[in-house]
Amino acid sequence: MEANRERLKEMIQTLFTISEPCEAGVQRQSYSAAYRRGVDYIKMKMRESGLVTREDGVGNVFGRLEGTKASLPAIMSGSHLDTVRCAGGFDGIAGVVCAIEAARMIKDSGHPLKHPFTVVGTIGEEGTRFGQVLLGSQFMTGVFGEEQLDSFTGIRDGKTMREAMKEYGLDGDLSGVCIPKENVCAVLELHGEQGPVLEEEKKDIGIVNAIVGIAWLEVTVTGESNHSGTVPMDRRKDAGIGAYEMILSLNRELTGKYLRKATMTAGQLILSPGSPNCIPGKCTFTLDIRSGDEDILKAILESVKRCKKELEETGLKVELRTLSYRPPVLMAKNIQEKIEQSCRTQQLSWRYMDSGAGHDAMIFAKKWPTAMLFLPNRDGISHNPAEYIDFDAMKKGTEVLYETLRFLDESNQA
């Protein structure tokens, strides 16, 4: 079976036109009027593909294609329908569109699956409305419930999630939102890579090993403020220089020992007192450290402690504060193998890789066997109006998804 490239293109291009006013790109925040129009369009395309649609109490959208054995659990595929502000129209959306096309391929083949197939479009993955990411999937898996409806408030409007849902047309009834574990046997999320590796290596498909663990640290280096012109260079306690040396030392270690296995970003740096003619007496900066291998993540954190000790030996004071720590989430090996088998069947190239970004799959994986397949992003760009996934790549991804569903259906039969 072949996916229809023009159908994929038509769905994406139509969703491009459904947007809130923004400076550039596409914007559909959860529970907005534009988001409702996008959901209504997706539900229409689901029905055209033979799916029976429903919307749960928090706004997740489902399309179900029945299998020949009603007693079997469903295979589920999809991604999120919300976007970041003024950005691209492929992030998340491509996974929903490709899953809808895969459902149509199953229906048109004349050979239904034994398992039901469910296409899902989750709400609130990006976190732009309430500052909380992965909302839809966390409600689906029972991580969130009634309490969050009143405690999560809008970043800009201050409305609670419950108030926003009511305006959107939902009554706040959460019965049936949390899906029992036994109702799903496997989850597949197709997504853009959001990075440059697949395009640079000319690979058709990325098979995700793990969604990286993340450690966020705040580091405060304290020295001594003084006059920039009167204190000799060898008599200073410059907190800024100490911070730069720590960042550069860690950067050299990561590029030397953990290239393509870990990343580190010092995204915020504040010097105090912040005057051009004053030696910084304090520097506070953040570290975002990521790896799909928890042993590597922990080794880098030990290196941070080593750098702290080395700086303190120079007379500076260093304080480390862990803001958050999330271990890597491993994808299901058996589903990864089915994706690879599908790539072989389609004679497509692939590589195994980690996901440096978070996805709904990391939430689903805690409850159900879950895997992800990546498609190349042009120039590695995402969260940007220039974000683009070639429609030929989406066609290939849909065909791999379809074959993987077939392999999973056979391997999971009761």
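Here is a short tour of this predicted model, one selection at a time.

Before you start, note that residues are numbered from 1 along each chain as its sequence is written. Local features need pLDDT of at least 70 and side-chain atom pairs count only at pLDDT 80 or more, while totals for chains, interfaces and linings use all residues, and side-chain values use heavy atoms, with hydrogens and water left out.

**Stop 1: strand 7**

Select residues 213-222, which form strand 7. Strands here are DSSP runs of E with at least two residues, and helices are runs of H or I with at least four, both numbered from the N terminus. Seven of the 10 residues in strand 7 are buried, so the strand is largely enclosed by the rest of the structure. Buried means under 20% relative accessible area, with a 1.4 Å probe and protein chains only.

Now add residues 282-291, strand 12, which pairs with strand 7 in the antiparallel sense over 10 bridges. Add residues 317-326 as well: this is strand 13, antiparallel to strand 7 over nine bridges. Two strands count as paired if DSSP finds at least two bridges between them. Click on Ile-214: its bridge partner in strand 12 is Arg-290, and in strand 13 it stands opposite Arg-326.

**Stop 2: the second largest pocket**

Keep Ile-214 and Arg-326 selected, and add Val-133, Leu-134 and Gly-358; of the 24 lining residues, these five are the closest to the centre of the second largest pocket. Strand 7, strand 13 and helix 11 (360-364) each supply at least two residues of that lining.

**Stop 3: the largest nonpolar core**

Next, select Tyr-31, Phe-139, Met-161, Leu-188, Ile-339 and Met-394, the residues with the most contacts inside the largest nonpolar core, which has 70 residues. Such a core is a set of buried Ala, Val, Leu, Ile, Met, Phe, Trp, Tyr and Cys residues joined through side-chain atoms within 4.5 Å. Helix 3 (residues 93-109) gives the largest share of this core, 11 residues.

Zoom in on Phe-139. Leaving aside neighbours within four places in sequence, its contacts (heavy atoms within 4.5 Å) include Val-58, Phe-144, Met-161 and Leu-174.

**Stop 4: Gly-78**

Finish at Gly-78 in strand 3 (residues 74-80). Is Gly-78 buried or exposed? Gly-78 is buried, with a relative accessible area of 6%. Beyond its neighbours within four places in sequence, its contacts include Gly-95, Val-96, Ala-99 and Leu-188. For a distance to check in your viewer, the C-alpha atoms of Gly-78 and Ile-363 are separated by 13 Å, with the two residues 285 apart along the chain.

Terms used
Buried < 20%, exposed > 50% of the residue type's maximum accessible area, 1.4 Å probe, protein only. 1 Å grid on protein atoms, 1.4 Å probe; cavity = no way out; pocket = protein on both sides within 12 Å on 5 of 7 lines; lining within 4 Å.
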